[in-house]
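Colleague: I'm new to looking at protein models, and I'd like to learn how to read one. Could you walk me through it, feature by feature?

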Amino acid sequence: MNTQQKLAALGLILVCITVNCLNGQDFKKDKYFLQRKTMVEQQIKERGIHNPRVLGALMDVQRHKFVPDEYKSFSYDDRPLPIGHNQTISQPYIVAYMTEILNPEPTKKVLEIGTGSGYQAAILSLLYKEVYTIEIIGALGEQSKKVFAEEGYSNIKVKIGDGYQGWKEYAPFDAIIVTCAPTNIPQSLVQQLSEGGKMIIPVGKPFNQVLYLLEKRGGKIRKTATLSVQFVPMVRE
Ligand code: SAH
């Protein structure tokens with residue numbers, strides 16, 4: 001190689017390094033990184049979710065890991081997706097909305113009813129100290145456990161069973177999030193909410209419900225209607 005060729009080679013190396021540095025941030029993680037970034041910007045931030053920890057969690061959790069193979073390429077679309085057994089993974093915006101309204105803190109613990117794909121629980125696991133989640137369909141609970149182990153979400157405990165009873169052993173909870181819809185608010189869940197705690201729960205007929213925020217103050221419950229939503233029904237064992 002003559003000097004000119006050496007300089008040209010060096011130049012090429014420098015260009016490659018620069019391009020890599022500029023794009024490295026965006027491309028290093030996984031092939032859906034840019035789609036996820038767009039999801040957070042356009043579906044979540046633009047609709048008014050501002051909590052930086054919540055936005056960070058939506059950026060960090062790889063939603064496609066919780067979506068069945070045949071729907072993976074739609075993982076960052078603005079909609080729920082089928083996860084088998086007639087159930088769905090919720091729309092990303094609804095996950096973000098329900099999470100933000102609970103005002104998650106890293107010292108607190110949360111109970112989720114309706115593990116489903118495990119996506120919501122994974123988001124919560126980055127925002128709370130401990131996550132407890134209950135799923136009534138055994139196969140979904142087991143599949144979620146597997147993804148949590150593979151992806152290193154180690155502060156989530158999964159129980160297969162009926163969420164109507166809550167999880168007495170670990171109660172009270174600072175927050176409760178219900179991702180399937182009962183026709184009435186289960187009193188056992190209200191009882192398992194800490195003083196000062198918040199619960200977000202869809203209530204109503206199948207696929208036509210109101211999402212309520214419940215806050216426990218001085219032993220009393222304040223109930224506020226928020227969005228109208230469409231969740232799968234909460235079934236009984
Ligand atoms: N949070 C989930 C969304 C799940 S859809 C996610 O991020 O993917 C609602 C889930 O609630 C379904 O998996 C359904 O099986 C479950 N479910 C319905 N009734 C239940 C009950 N009584 N106890 C626990 N889970 C229930």
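Colleague: Let's start with confidence. Where in the chain is it lowest, and where is it highest?

Modeller: This is a predicted model, and the predictor scores its own confidence in each residue from 0 to 100, as pLDDT. Here the mean is lowest in helix H1 (residues 3-27), at 54, and highest in strand S3 (residues 109-113), at 99. The average for the chain is 92, with 88% of the residues scoring at least 70.

Colleague: Which residues have pLDDT under 50?

Modeller: Where pLDDT is low, the predicted coordinates should not be read in detail. In this chain, that caution goes to residues 18-27, where pLDDT stays under 50. For those residues the model has five contacts beyond four places in sequence.

Colleague: Okay, now the overall make-up. How many helices and strands are there in the chain?

Modeller: You'll find seven helices and nine strands. You can also ask which parts of the sequence meet: among contacts between residues at least 6 apart in sequence, 54% join residues at least 24 apart.

Colleague: And what about burial and surface?

Modeller: A residue is called buried when its relative accessible area is under 20%. Of the 237 residues of the chain, 47% count as buried. The accessible surface comes to about 12,300 Å², and 53% of that belongs to carbon and sulfur atoms.

Colleague: Can we try that on one helix? How many of the residues of H4 are buried?

Modeller: Nine of the ten, so H4 is largely enclosed by the rest of the structure. The buried ones are Pro92, Tyr93, Ile94, Val95, Ala96, Tyr97, Met98, Thr99 and Ile101. After H4 comes asparagine 103, which has a positive phi, near 55 degrees.

Colleague: Now a single residue. Is glutamine 120 buried or exposed?

Modeller: Compare its relative accessibility with the 20% cut-off. Glutamine 120 is at 6%, so it counts as buried. This residue lies in helix H5.

Colleague: Which residues does glutamine 120 touch?

Modeller: Leave out residues up to four places away in sequence, and glutamine 120 touches Val95, Thr99, Glu112, Ile177 and Thr179. Take the pair with valine 95: they are 25 residues apart in sequence, while their C-alpha atoms are 6.3 Å apart in space.

Colleague: Let's move on to pockets. How much space lies in the largest pocket?

Modeller: About 640 Å³. Of the 37 residues that line that pocket, Thr88, Thr179, Cys180, Phe231 and Val232 are the closest to its centre. Strand S2 (87-89) gives the largest share of the lining, with three residues. Other elements that each supply at least two include H4, S3 and H5. By class, the lining has 19 nonpolar, 15 polar and three charged residues.

Colleague: And what is the lining of the second largest pocket like, by class?

Modeller: Three of its residues are nonpolar, four are polar and six are charged. About 160 Å³ of space lies in this second largest pocket. It is lined by 13 residues, and those nearest its centre are Leu102, Lys108, Asp174, Gly196 and Gly197. Strand S6 (173-178) and strand S7 (193-205) each supply at least two of the lining residues, and S7 has the largest share, with five.

Note on methods. Residues numbered from 1 in each chain as written. Predicted model: local features only at pLDDT ≥ 70, side-chain atom pairs only at ≥ 80, totals over all residues. Heavy atoms only, no water. Helix = DSSP H or I, 4+ residues; strand = E, 2+ residues; numbered from the N terminus. Contact = heavy atoms within 4.5 Å. Buried < 20%, exposed > 50% of the residue type's maximum accessible area, 1.4 Å probe, protein only. Areas by Shrake-Rupley, 256 points an atom, 1.4 Å probe, with all protein chains shown as cover. 1 Å grid on protein atoms, 1.4 Å probe; cavity = no way out; pocket = protein on both sides within 12 Å on 5 of 7 lines; lining within 4 Å. Points joined across faces, edges and corners; volume = space filled by probe spheres on them. Nonpolar A, V, L, I, M, F, W, Y, C, P; charged D, E, K, R; others polar.
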